[in-house]
Amino acid sequence: MNVTERSIGRAAILAPWAMRAEDSRGRRLPEPPHPYRSEYARDRDRIIHSRAFRRLEAKTQVFTTRFSDHFRNRLTHTLEVSQIARTVAAALGLNTELVEALALVHDIGHPPFGHAGERKLDQLMRPLGGFFNHNLHALRIVEKFEQRYLDFPGLNLTFEVREGIIKHSREYSAATFPQFAEYLLDLRPPLEAQLIDCVDEIAYNTADLDDALEAGLLDLAALCREVPAFGEAYASVDSAYPSGREKLKFNEALKKVLDLLATDLIETTTARVADSGVATVDDLRRAPERLAGFSKELGERNLELKRFLFAHIYERTIITEDRDRSIRCLEEMFRYYLTSPGSMPASHEELTHSEPRHVAVCDYIAGMTDQFLLRQHGEHFGASAAAM
C-alpha cells in the first residue's frame, strides 16, 4: 500500500461530519501538498516546532516549582489535553490530526502567570482602549510573531486551525469583532474544535487535584464529601484495595473520574449529533448550537469539581501569595515599557511605528516566560517576586 492509498484508508473511517484535510479551505498562502503528511499533520508539526510552543514549558499552570519539580506547567498540561483530545476524537470518528493541532495550539497565547496574568493584562489594556484575550493573541502569534520560513510570515496554518484557535471555546459577534469576519463568525466551528474546551476542562480539573495532593494542599476527606463523582470512585477503589497505598488509591480514583468525564463527552456528543440529523460538516456548522459537550448530570459533576478547586486550592494563601507578587511584577513592567521609549528590544520598538505602543508592550509581555519577566523586573526594579 502506497502513501496515497494509506491516506485514503484513513479518510474512509472518518465520520461523515468529520473535517477532512482534503476539504480544508486551505492556507492564506497556497503551498504544494506534502507527499506523506496531511495538511493538518503539517500544522501540528509547525506548532510543535514553534518558539511559542517551547515557551509553554516555562509558564505556570497553577503550582510553581517552590513546591515540587513534578507539577504541570503550561506545556505538560497542553500535552495532556492533546492525549485526551485524540482519544475522544478517535472514538467519535473525527480527524485526530486536526484535533491534535488544535489541542497543541490552544494555550500558545497565554501570558506569564496563567489566567491571573491574562486578567491583569486585560485590565491594563482596557483604559487604553484595548483588551487581551489569550485565544486571540494566539492567532497573532501564529500569523505574525512566529518567523521561521522564507516563503511566508507566521506559520501559514490552514483555515480550520486558525478558526479553531479563536472559536474553540466561545462564539464571537461579527459586529463586535469585524477583524475576524473571515472566520465564519455566524457559523459553528467543526466538531474537532468544539471538543477542545471540554477536553481542556477534563485535563486541568483532574490534573490540578493531582498537583494539589503533591503539594500537600488537598484535603482528601473534603474532596470525597464535596465532589460525589470522586467520592464514589474513591470508595470503589478503597473497597477493592483496602490496604493499598493512599496515593495509589487516589490515582486510581482520579483515573476513574477522568474516564467518567471523557466517556460522557463521547456518548453525549454522539447522541447530540444523531439527534440533530447533521450529515456533513456544513450541516454541523449551521446547527443552532454546539453539539460537543457533557450531559446535564456530568456537566454538574464537573462543575462540582471546579467549585471545589476554587474553594479549597486556587485561593489558598500559599498559592495567591506567589500569584499576587508575580502579577505586581507584570504590572510594573507593563507600565515601565509603556512610559519608556526604547526600553524594549528593537523588533518590538519597531512595531510601535505601525500600532499603538500599549499594543506592542502587551505583545512583548505576553510572549515572556514567567522567569524571564521576573528577571527583567529584577534588573529594572531590584528585588523581584519570590523564586518560582
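These legends walk through several close-up views of a predicted model.

**View 1. An aromatic cluster built from F131, Y172, F177 and F180.**
Welcome to the rings. Searching the whole structure turns up 11 aromatic pairs. One of them joins F131 and F177, whose ring centres are 6.1 Å apart and whose planes meet at 80 degrees, so this pair is edge-to-face. F131 belongs to the loop between α6 (114–125) and α7 (134–145), while F177 belongs to the loop between α8 (159–167) and α9 (191–214), so the pair ties together parts that lie 46 residues apart in sequence. Y172 and F177 make another pair, with ring centres 5.0 Å apart and planes at 90 degrees, so they too are edge-to-face. How buried or exposed are these residues? F131 counts as partly exposed because its relative accessibility is 34%. F177, at 11% relative accessibility, counts as buried, and Y172 counts as buried at 4%.

**View 2. Arginines over tyrosine rings: R46 with Y149, and R170 with Y172.**
Look here for charge meeting ring. The charged end of R46 sits over the ring of Y149, at 5.2 Å from the ring centre. R170 lies over the face of Y172, 4.0 Å from the centre of that ring. Y172 may be familiar from the previous view, where ring pairs link it with F131, F177 and F180 in a cluster.

**View 3. The largest pocket, with a volume of about 900 Å³.**
Which residues come closest to the centre of this pocket? Of the 38 residues in its lining, the closest to the centre are R74, G114, H115, A116 and R119. Two or more lining residues come from each of α4 (74–91), α6, α7, α9, α14 and α15. The most generous of these is α9, which gives the most to the lining with six residues. By character, the lining of the largest pocket divides into 11 nonpolar, 14 polar and 13 charged residues.

**View 4. The one cavity of 30 Å³ or more in the structure.**
Now for an enclosed space. The largest cavity holds about 40 Å³ of space. Its lining is made by V227, A229, V257, L261, L298, R301, N302 and L305. Both α12 (246–276) and α14 (296–314) supply at least two residues each to this lining. With four residues, α14 gives the most. The lining of the largest cavity divides into six nonpolar residues, one polar and one charged.

**View 5. Helix α17 (residues 357–366), largely enclosed by the rest of the structure.**
How many of the 10 residues in this helix are buried? The count is 10 of the 10, so α17 is largely enclosed by the rest of the structure. Among the buried residues of α17 are R357, H358, D363 and Y364, along with V359, A360 and V361. What surrounds this helix? The buried residues of α17 pack against α6, α7, α15 (317–339), α16 (346–351) and α18 (370–381).

**View 6. Positive phi values at F113 and L184.**
This view looks at the backbone. Most residues other than glycine have a negative phi. F113 has a phi near 70 degrees, a positive value in a residue other than glycine. Its place is in the loop between α5 (96–105) and α6, and F113 is buried, with a relative accessible area of 7%. L184 also has a positive phi, of about 55 degrees, although it is not a glycine. L184 is found in the loop between α8 and α9, and at 17% relative accessibility it counts as buried, because the cut-off is under 20%.

**View 7. T78, a buried residue of helix α4.**
We finish with a single residue. T78 has its place in helix α4. With a relative accessible area of 0%, T78 is buried. What does T78 touch? Not counting residues up to four places away in sequence, T78 touches F53, L56, A103, L104, H106 and D107.

Methods:
Residues numbered from 1 in each chain as written. Predicted model: local features only at pLDDT ≥ 70, side-chain atom pairs only at ≥ 80, totals over all residues. Heavy atoms only, no water. Phe/Tyr/Trp six-rings, centres within 6.5 Å; stacked < 30°, edge-to-face > 60°. Buried < 20%, exposed > 50% of the residue type's maximum accessible area, 1.4 Å probe, protein only. Lys NZ or Arg CZ within 6 Å of the ring centre and 35° of its normal. 1 Å grid on protein atoms, 1.4 Å probe; cavity = no way out; pocket = protein on both sides within 12 Å on 5 of 7 lines; lining within 4 Å. Points joined across faces, edges and corners; volume = space filled by probe spheres on them. Nonpolar A, V, L, I, M, F, W, Y, C, P; charged D, E, K, R; others polar. Contact = heavy atoms within 4.5 Å.
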